Amino acid sequence: MKTKALALLALLPLAASCASQKVVDDYEAEIAALREERTALKTENNALRGQLDSTQSALSNASSELDAARAEVANAPTLPSFDNGIEVGMRGGDLVISIPSSISFPSGSASLSNSGKSALQSVADVLLRDHGDGTYWIEGHTDTDRISKSKFRNNRDLAAQRALSVLEHLVMECDVPDESCVLVSHGPYMPLADNNSKEGKAKNRRVEIVVHK
């Protein structure tokens, strides 16, 4: 009995040693796992920071573009409107009032129709009220159909005569200052649409009043 007890006492340090080593091994394994997790979290955190920086940059750019768009809208001129077929737009910062020949001239003629005279009066009211200090370029345009049965030599001549009729009516009947007007004849050389269709040709036959500041 005494011999067995002594044997057990001799084995206790060995068991304790084995138990202590297992604990150490477990701790080291846990620490290694935690270090790997920390490294992974750092990597993920850096990636998230990069995404955050990218998102903040995109947000800043979008905010700047929005501010610029708002400023552009706020500073955009208010365009006049007409209810008689006259079209209005902007070109290079200049107001463009386009009067189609269908409402201002009979076919093949440079004499203003009654509807054309009425349209020009409404245009003159806008020019004198809102653009009194501007210069008015009165520009004649035609389609590409050749002049055959008319007193006009060619489309350039027809465009010039129609622009002149508009100018004279604005000056003599609508009190637009003659010195503020410039006459231009483009003929068929500045089309708005394809001349291969009736609709396109009709759109190209026009007199434009371009208001230069």
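This section describes the fold, the nonpolar core, one helix pair and one loop residue of a predicted model.

The protein chain comprises five helices and five strands, and from the N terminus on these elements follow the order α-β-β-α-α-β-α-β-α-β. Of the 213 residues in the protein chain, 30% are buried. Among contacts in the protein chain with a separation of 6 or more, 66% are made between residues 24 or more positions apart.

The largest nonpolar core contains 26 residues, and those with the most contacts inside it are I86, I97, V123, I138, V166, L170 and I209. Two or more residues of this core are supplied by each of the strands β2 (94–100), β3 (135–141) and β5 (206–212) and by each of α3 and α4; α3 gives the most, with six residues. The surroundings of I138 can be listed in detail: with residues up to four places away in sequence not counted, I138 touches A163, V166, L167 and L170, together with C181, V182, L183 and V184, and also V207, E208 and I209. Two of these partners, V166 and L170, are themselves named among the core residues with the most contacts, as is I209.

The packing of α3 and α4 was examined next. In general, two packed helices are described by the angle between their axes and the distance between the axes. For helix α3 (residues 114–130) and helix α4 (residues 155–174), the axes come within 10 Å and cross at roughly 70 degrees; because angles from 65 to 115 degrees count as roughly perpendicular, α3 and α4 are roughly perpendicular to each other. The crossing in which α3 passes α4 is right-handed. On the α3 side the contact is formed by K117, L120, Q121, A124 and L128, which meet V166, H169, L170, E173 and C174 in α4. Classified by residue type, this contact of α3 with α4 holds six nonpolar, two polar and two charged residues. V166 and L170 thus appear both in the contact with α3 and among the core residues with the most contacts.

A backbone feature is found at D175, which is located in the loop between α4 and β4 (181–187). Most residues other than glycine have a negative phi, whereas D175, although not a glycine, has a positive phi of about 65 degrees. With a relative accessibility of 63%, D175 counts as exposed, since the cut-off for that class is over 50%.

Technical notes. Residues numbered from 1 in each chain as written. Predicted model: local features only at pLDDT ≥ 70, side-chain atom pairs only at ≥ 80, totals over all residues. Heavy atoms only, no water. Axes fitted to C-alpha atoms, helices over the stretch in contact; angles between N-to-C directions. Helix = DSSP H or I, 4+ residues; strand = E, 2+ residues; numbered from the N terminus. Parallel < 35°, antiparallel > 145°, perpendicular 65-115°, else oblique. Left-handed = near helix turned anticlockwise from the far one by under 90°. Contact = heavy atoms within 4.5 Å. Nonpolar A, V, L, I, M, F, W, Y, C, P; charged D, E, K, R; others polar. Core = buried A, V, L, I, M, F, W, Y, C linked by side-chain atoms within 4.5 Å. Buried < 20%, exposed > 50% of the residue type's maximum accessible area, 1.4 Å probe, protein only.
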